[in-house]
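Thanks for sharing this one with me. Below are a few friendly notes to read alongside the model.

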Amino acid sequence: MSGPPPQAWLNALLVLIEALQRGLLALWHALGLTGDSHGQPAWPWTWRVAGETLLIDLGLARQLGLTLCALAVAVLAVALALAWRRRRGVLLAAGALALVAAPWPSVSLLFVPAAPTSFHTSPARFSVDTIALGARVYAQHCAACHGTDGRGEGPLAASLAVWPPTLAGPLLARRADGELFWHVLAGMRDRHGQPTMPAFRDRLGDGEAWAVIDYMKALSAGSGSAGNWPVPLQLPEMAVRCAGAAPVALSAWRGGQRVRLVAVDGASALPFEDPRFLTVLVTADGRPPAQVPRFRAGCTAASAHAWQAVAAISGQAPARLAGTQLLADRAGWLRARGTPGRAWSDADLVCVSGPAAGSQRAPSPGADGLTALLLRMDDEPVRFVKGGFVH
Ligand code: HEC
């Protein structure tokens, strides 16, 4: 998983740069200087600021930050000079000095190629239904090259000039969603203009292309090595039904609480209710298990796709999913995966963020595995920068 910038100033710089670029795009669109692409304002330039480079090249980020400060000083000096005639000479000189002294960053490092959809976001929420639709698209159109597990070893892979990248690595976390979307629909070419990845714009609608991106993220979690997911995942949206009431959207119902998803079949033991999180049972057919006493586990996922989506995220065959649990933190990030028949421990964390990423912490004295896990989830919130965009 791409770690968050540890420095607050870098985070602020990334947020500022994204806001400036989005602001410019909105202005251009409002002025009629750019049209729409796939239903959202089209980025009119072939370059954008490489937020992802700033994240790893602190020297460049510092140069850019200082240059932006110098620009602000210069603008302020000019504004003051207009208002305050007697000091005009000094103020303009100060503004010019700021510009000359600024450590202008190298243009070739600062910018990367952009697509018209670089700043697009999926119009649909990440949900069990989009994951299921994406799974169908992936099996039909992508698995032959990228492999059913997404590791880039499908049956056609060896015959290609360029080996398909593995989706189990950091690739999906590095790219902006809008650029993945563009690459799927428009295809990709190598430096000599030869096609490497085919274009799917004639075969897939926009909704299918966004859905296959959702599925690839779920797949990357399921195929990633145990320990740390390459892409942090949100708790997927799904309809839940509680005690015979009409189904409600999980996001509307959880209200910032932690959520535990538990896959159960007729044979598995039902989990006990735990006041530290909301429990949602996931069944293969989207119906509550017949024998659930109402007080034990609140609600059941009402979507039949939930089983398949949880299986993809957990990296389990659907037939072997029963007993698997997923835990989401208060901010809605999936953080831990429980193995059937084993007590929770630190080793179940799948999404670790911040300076402690990848490390095992000594358990707090006296706390059981689950308590220690929940404390750690709360202590280390996920801050995720994707394609240089802060989420
Ligand atoms: C004919 C084989 C083939 C098929 C079919 C195929 N891909 Fe690819 N894909 C590739 C190759 C090769 C690359 C690497 C291209 C490159 O780096 O120039 C790639 C790259 C990618 C990337 C990385 C893009 C990036 O930004 O670097 C994604 C994501 C992707 N494919 C998704 C898909 C999806 C989704 C489908 C199905 C709708 C699909 N691919 C179908 C061969 C294929």
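**Notes on the model**

1. I'll begin with a small backbone detail. His-38 sits in the loop that runs between β1 (36-37) and β2 (40-41). Please keep in mind throughout that this is a predicted model.

2. His-38 caught my eye for its backbone angle: phi is positive, about 50°, although the residue is not a glycine. For context, most residues other than glycine have a negative phi. As for its surroundings, His-38 has a relative accessible area of 32%, so it counts as partly exposed.

3. Now to the metal site. Which residues coordinate the iron atom of the ligand? They are His-146, through NE2, and Met-197, through SD, at 2.0 to 2.1 Å. Both His-146 and Met-197 are buried.

4. The geometry of the site is worth a look too. There are 6 donor atoms around the iron atom of the ligand, and the angles they subtend run from 86 to 179°, which makes the arrangement octahedral. The coordinating pair links distant parts of the chain: His-146 belongs to helix α6 (residues 128-146) and Met-197 to strand β6 (residues 195-197), with the two positions 51 residues apart.

5. Stepping out to the wider ligand shell, 21 residues surround the ligand, and those that come nearest are Cys-142, Cys-145, His-146, Arg-175 and Met-197. By class, the shell has 16 nonpolar, 4 polar and 1 charged residues.

6. Some polar distances are also worth checking on screen. An oxygen atom of the ligand lies 2.6 Å from an N or O atom in the side chain of Arg-175, and an oxygen atom of the ligand is likewise 2.6 Å from an N or O atom in the side chain of His-183. For His-146, the side chain places an N or O atom 2.8 Å from a nitrogen atom of the ligand. Two or more residues of the shell come from each of α6, α8 (177-186), β6 and α9 (206-223). Helix α6 gives the largest share, 4 residues.

7. Finally, a point away from the ligand discussion. Leu-66 is placed in helix α3 (residues 58-83). Is Leu-66 buried, exposed or partly exposed? Its relative accessible area is 48%, so Leu-66 is partly exposed; the cut-off for exposed is over 50%. Leu-66 and Pro-105 are 39 residues apart in sequence, and their C-alpha atoms are 9.5 Å apart in space.

Terms used: Residues numbered from 1 in each chain as written. Predicted model: local features only at pLDDT ≥ 70, side-chain atom pairs only at ≥ 80, totals over all residues. Heavy atoms only, no water. Donors = N, O, S within 2.8 Å, 3.2 Å for Na, K, Ca; no water. Tetrahedral: all angles 85-135°; square planar, octahedral: opposite > 155°, others 65-115°. Buried < 20%, exposed > 50% of the residue type's maximum accessible area, 1.4 Å probe, protein only. Near = heavy atom within 4 Å. Polar contact = N/O pair within 3.5 Å; in protein donor to acceptor, adjacent residues only side chain to side chain. Nonpolar A, V, L, I, M, F, W, Y, C, P; charged D, E, K, R; others polar.
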